[in-house]
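I sat down with this model to look up a few things about its cysteines and one glutamine. Here are my notes, in the order I made them.

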Amino acid sequence: MARVKGAMMTRKRRNKTLGLAKGYWGSKSKHFKMAKQQVMKSGVYAYVGRKQKKRDFRRLWITRINAGCKLNGMNYSGFIHGLKLAGINMNRKMLSETAIHDPVAFTALCEKVKAAETKAAV
């Protein structure tokens with residue numbers, strides 16, 4: 001049986017890794033061994049970053065909602081509690097978009113929330 005040499009597949013695999021490492025600083029983009037390590041580490045950073053992005057956006061939405069609530073004389077936690085009491089089912093992303101782009105509608109939401117809170121307190 002003929003002997004099979006793996007040069008072509010080895011070169012393809014190395015070039016694939018070096019292609020992923022393109023643009024990295026110094027020898028991390030030139031030398032296979034260092035490029036392989038950095039590509040693996042970059043993959044870990046990317047995985048973690050995808051999880052952190054969700055947290056960061058939620059924090060941003062909450063900050064925007066809080067700013068809108070402050071303009072209407074409320075705080076964030078009271079506003080969210082009042083939404084639940086009023087039976088309004090809106091996610092934080094939509095609430096923050098409303099607070100930014102349609103302050104009149106957000107003020108109307110705040111009024112409904114205040115009414116629901118006073119109704120629940122009685």
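**Cysteines**

I started with Cys110: its sulfur is 5.0 Å from the closest cysteine sulfur, the one in Cys69, and that is too far for a bond. I should keep in mind that this is a predicted model.

For the pair to count as a disulfide, the two sulfur atoms would have to be within 2.5 Å, so a separation of 5.0 Å rules it out. I then looked up the total for the structure, and the count is 0 disulfides. Cys69 fits with that, being in no disulfide, with the sulfur of Cys110 as its nearest cysteine sulfur.

Next I asked myself: is Cys69 buried or exposed? Cys69 counts as buried because its relative accessibility is 0%, and the cut-off for buried is under 20%. I checked Cys110 too, and Cys110 is buried, again because its relative accessibility is 0%.

**Gln38**

I moved on to Gln38, which I found in helix α2, a helix that covers residues 32–71.

Which residues does Gln38 touch, leaving out those up to four places away in sequence? I get Tyr24 and Lys28. With Lys28 there is also a polar contact between the side chains, at 3.5 Å.

Last, I took a long-range distance: from the C-alpha atom of Gln38 to that of Lys119 I get 59 Å. Those two residues are 81 residues apart along the chain.

Methods
Residues numbered from 1 in each chain as written. Predicted model: local features only at pLDDT ≥ 70, side-chain atom pairs only at ≥ 80, totals over all residues. Heavy atoms only, no water. Helix = DSSP H or I, 4+ residues; strand = E, 2+ residues; numbered from the N terminus. Contact = heavy atoms within 4.5 Å. Buried < 20%, exposed > 50% of the residue type's maximum accessible area, 1.4 Å probe, protein only. Polar contact = N/O pair within 3.5 Å; in protein donor to acceptor, adjacent residues only side chain to side chain.
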